[in-house]
Amino acid sequence: MSTLQNFGVPVGTSRGPMLSPKLKHKFGVRFYGFGPFSTPVDLSANVESIGKPNFTQTSIEVHTYNSVMYLGGKHAWNTIELVVRDDVSNAVTRIVGHQEQKQVNHFTQTTPLAGSNYKFNMKCDTRDGGNDAILESFEYEGCWLESVNYGDFDYKDTGGYSTISMTIRFDNVTQGGGLMPLIPEISPGVLI
């Protein structure tokens, strides 16, 4: 006799199957136009963590005769944090430093005329643990580094290693894999 049918959440007269959750450590990140590269750069081998997108939407108060109604106003995407390991070849430091220089040339104290000269795109995939299957995909557009922290040195920390933490600001994000479908148009006067 099997007890597996007793697991899960009761749904009506039966139980729904217990599904595996998405695992936080099964992901990959790709950068497009980051640093000195115009082709995709895969820094996944050195990525430790990256935040998922979240946004804030302002509310608009509409005052009526004896009550208040609320509408959704403008939304803004919040920043995300990306932490990468700094390797002994200095490749990661060079790539991050080059992106910084694209945004602000520290030597000449100049900046580009337009954001399109330094902004990059990024894609973060949640994977199932195999080599090919992607469960969800976040595609970030108009990214730039709002802050970079190269960490510190510490004689007492003999087991630690260097990391670079970046705060990334972006203009928009979409969710791939059919997770952010287009909403079908509704004919005027049709109630749903």
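Modeller: Helices are DSSP runs of H or I with at least four residues, strands are runs of E with at least two, and both are numbered from the N terminus. With that, Gln109 can be placed in the loop between α1 and β9 (120–127). The model is predicted, so local features need pLDDT of at least 70 and side-chain atom pairs pLDDT 80 or more, while totals for chains, interfaces and linings use all residues. Residues are numbered from 1 along each chain as its sequence is written, and side-chain values use heavy atoms, leaving out hydrogens and water.

Biologist: Okay, what does the secondary structure of the chain come to?

Modeller: You get 1 helix and 12 strands, in the order β-β-β-β-β-β-β-β-α-β-β-β-β.

Biologist: Back to that loop residue: why is Gln109 called exposed?

Modeller: Buried means under 20% relative accessible area, exposed means over 50%, and partly exposed is in between (1.4 Å probe, protein chains only). Gln109 has 62%, so it counts as exposed. Its phi is positive too, about 55 degrees, although Gln109 is not a glycine.

Biologist: And why does Asn90 count as partly exposed?

Modeller: Its relative accessibility is 39%, which falls between the two cut-offs, so partly exposed it is. Asn90 sits in the loop between β8 (80–85) and α1 (91–103), and its phi is positive as well, near 70 degrees.

Biologist: What makes Ile60, Met69 and Leu71 a nonpolar surface patch?

Modeller: Patch residues need over 30% relative accessible area and no salt bridge; nonpolar side chains (Val, Leu, Ile, Met, Phe, Trp, Tyr) are joined within 5 Å, like charges within 9 Å. A salt bridge, by the way, is a side-chain nitrogen of Lys or Arg within 4 Å of a carboxyl oxygen of Asp or Glu. Take Ile60, from strand β6 (residues 55–63): at 41% it is partly exposed, so it clears the 30% bar. The patch comes to about 260 Å², with areas from the Shrake-Rupley method and a 1.4 Å probe, where only the protein chains shown count as cover for residues.

Biologist: Why are Cys124 and Cys143 called buried?

Modeller: Cys124 has 8% relative accessibility and Cys143 has 0%, so both fall under the 20% limit.

Biologist: How many disulfides does the structure hold?

Modeller: It holds 0, where a disulfide would be a pair of cysteine sulfur atoms within 2.5 Å.

Biologist: And how much of the chain is buried?

Modeller: Buried residues make up 23% of its 192 residues.
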